Amino acid sequence: MNAPEVAIIDSGGANINSIVFALERLGCTPVFTQDWDQIQNASHVVLPGVGAAAAAMTHLTALGLAEKIPRLTQPVLGICLGMQLLFERSEEGDVAGLGVIPDTVGKMSHAPGITIPHMGWNQNQFAQVPVDSMFNGIPDNGFAYFVHSFSAPLGPWTIAKCRHGAWFSSMVCVRNFVGIQFHPERSGALGSELLKNFLQWECVSRV
Amino acid sequence: MSNASTGLAKRIIPCLDVRDGKVVKGVQFREHRIVGDIVELSMRYRDAGADELVLYDITASPESRLVDVSWVERIARVIDIPFCVAGGIRSVEAARRVLNSGADKISVNSPAIQNPQLIQQLAEAFGSQCVVVGIDSLQMNGDYLVKKMTGDPDKTADAGLRTLDWVEQVQALGAGEIVLNCMNQDGVRQGYDVPQLALVRSICQIPLIASGGAGQASHFRDVFQHAEVDGALAASIFHNQTLAIPDLKTFLTTESITVRT
């Protein structure tokens with residue numbers, strides 16, 4: 001099998017190196033790009049995201065990518081904000097997302113014992129029978145590293161969930177799109193396995 | 001203490017002092033000896049189960065020098081847990097270099113005291129989740145007061161701020177996490193300053209990390225149970241191999257505290 005040709009979409013955020021290095025540790029040489037031809041021709045596409053939803057959407061819209069990304073047919077992975085951008089809307093800046101998933105990302109709520117940002121290692125619990133190959137070698141309730149203040153509700157596309165006050169989607173999957181709310185590149189062995197699974201993913205989503 | 005409404009683990013965070021890209025250990029401020037290679041030590045702690053690392057450039061802030069970021073990238077290439085870089089970051093541009101090199105967070109202390117707007121600028125540029133504010137707090141005359149430039153005893157001075165006021169202010173400015181270093185306890189290994197941390201916890205809605213005073217495993221239990229901090233930072237207890245992280249986590253698990261295992 002040929003090595004996957006991974007394109008990481010430049011959505012304007014900082015700290016892109018951690019995902020680049022994580023993919024390099026798995027033997028890839030990802031390209032970091034805004035160029036549609038490069039994105040379209042990649043075998044796998046990663047939509048990262050650190051920063052605010054509105055800034056990222058403005059950036060993607062200005063590049064003409066916002067309308068094109070939902071049309072991609074190869075495996076696409078949204079990480080953290082990149083997962084949230086897959087949704088129709090985000091309350092963060094009340095902005096339209098890419099619309100792959102018909103729901104709204106909302107602000108997480110403070111409560112006694114619940115600090116926001118949700119920052120640290122929390123448990124990634126399978127929401128469905130883990131038939132998807134994304135979960136090969138991944139333990140149920142394994143700890144993963146989260147950093148976020150907005151979260152996506154549960155829905156039929158939720159394949160793993162997490163609780164911090166309320167339950168939210170920690171992993172989603174629709175068609176060829178998979179989203180991970182936590183940072184696989186910072187989630188130790190569990191994260192590395194997930195990235196490896198993505199690079200071999202068969203896209204057999206049920207939604 | 002396990003909280004039924006979140007599965008979030010309490011974080012164990014070793015702090016490494018870095019000078020010229022090497023991990024050093026200070027007996028006193030001017031007496032640093034090299035204890036190891038930065039990448040090797042970072043990976044050793046990662047393998048032992050550290051949840052996060054703080055890498056503190058101990059020379060950067062007092063000497064007004066920018067953090068040399070080449071070592072940040074060397075760590076980011078190999079490590080797969082989050083790490084925070086502290087020391088010498090006094091501008092959005094400096095923070096950008098550190099984050100673009102692969103650090104997950106940056107921590108500011110004295111520069112934020114001199115220019116509180118820096119916190120807001122950093123939060124706007126990179127998001128609150130990247131912005132940690134370190135606070136050195138000293139108990140004096142029945143109050144808690146902020147000290148600045150604590151990296152150099154000759155330059156350490158009052159910041160002219162009450163700790164509780166500063167904690168409120170940095171949250172309002174957009175900080176994503178606070179590391180509270182309780183100076184009365186620092187280096188004496190008699191336990192974290194639980195009363196002070198509990199007081200700060202009561203007004204702190206963002207993650208709060210305890211620093212200063214860890215001497216044995218029960219100190220971690222006490223600060224998690226009674227001050228409800230999100231994480232505990234420690235240096236010498238780990239570097240001296242007084243306490244191994246796997247043993248600490250086993251102990252905390254038996255004490256019903258959620259840790260990542």
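How many residues does the contact take from chain B, and how many from chain A? Keep that question in mind as you open the viewer, and remember that this is a predicted model.

**Stop 1: where the chains meet**

Show chain A and chain B in two colours. The contact takes 34 residues from chain A and 33 residues from chain B. Now highlight residues 70–78 of chain B, which form helix H2, and residues 92–100, which form helix H3. Each of these helices supplies at least two residues of the side of chain B that touches chain A. If you colour that side by residue class, you will find 13 polar, 11 charged and 9 nonpolar residues. Both helices will come up again inside chain B.

**Stop 2: chain A as a whole**

Hide chain B for a moment. Chain A is built with 13 strands and 5 helices. Its radius of gyration is 16 Å, close to the 17 Å that the globule rule gives for 207 residues, so chain A is as compact as a globular protein of that length. Turn the chain around: along its principal axes, the C-alpha trace spans about 50 × 40 × 30 Å.

**Stop 3: a sheet in chain A**

Stay with chain A and look for an open sheet of 4 strands, in the order E6-E5-E7-E10, with mixed pairing. Which strands stand at the edges? Select 95–96 for strand E6 and 150–151 for strand E10 of chain A: these are the edge strands, and each has a single partner strand, so one side of each is left without a neighbour in the sheet. Next, add residues 87–90 of chain A, which make up strand E5. E5(A) and E6(A) run antiparallel and are joined by 2 bridges. For one pair to click on, try A:Ser90, whose bridge partner in E6(A) is A:Val95.

**Stop 4: helices H1 and H2 of chain B**

Bring chain B back and select residues 38–48, helix H1, together with H2(B). Their axes are 10 Å apart, and the two helices pack at an angle of about 40 degrees. The crossing of H1(B) past H2(B) is right-handed. Show side chains for B:Ile38, B:Val39, B:Ser42 and B:Met43 on H1(B), then for B:Trp71, B:Arg74, B:Ile75 and B:Val78 on H2(B), since these residues make the contact. By class, this contact has 6 nonpolar residues, 1 polar and 1 charged.

**Stop 5: helices H3 and H5 of chain B**

Keep H3(B) and add helix H5, residues 117–126 of chain B. Here the packing angle is about 45 degrees, with the axes 10 Å apart. H3(B) and H5(B) are therefore oblique to each other, and H3(B) passes H5(B) in a right-handed crossing. On the H3(B) side, pick B:Val92, B:Ala95 and B:Leu99; on the H5(B) side, pick B:Gln121, B:Leu122, B:Ala125 and B:Phe126. What classes make up this contact? It has 6 nonpolar residues, 1 polar and no charged ones.

**Stop 6: helices H7 and H8 of chain B**

Finish with residues 194–201 (H7) and 217–226 (H8) of chain B, whose axes come within 9 Å and cross at roughly 30 degrees. That angle makes H7(B) roughly parallel to H8(B). Their crossing is right-handed. The residues in contact are B:Val194, B:Leu197 and B:Ala198 from H7(B), with B:Asp222, B:Val223 and B:His226 from H8(B). Coloured by class, they come to 4 nonpolar, 1 polar and 1 charged.

Terms used
Residues numbered from 1 in each chain as written. Chains lettered and ligands numbered in written order. Predicted model: local features only at pLDDT ≥ 70, side-chain atom pairs only at ≥ 80, totals over all residues. Contact = placed C-beta atoms within 7 Å. Nonpolar A, V, L, I, M, F, W, Y, C, P; charged D, E, K, R; others polar. Axes fitted to C-alpha atoms, helices over the stretch in contact; angles between N-to-C directions. Parallel < 35°, antiparallel > 145°, perpendicular 65-115°, else oblique. Left-handed = near helix turned anticlockwise from the far one by under 90°. Pairing = 2+ DSSP bridges. Rg over C-alpha atoms; globule rule 2.2 N^0.38 Å.
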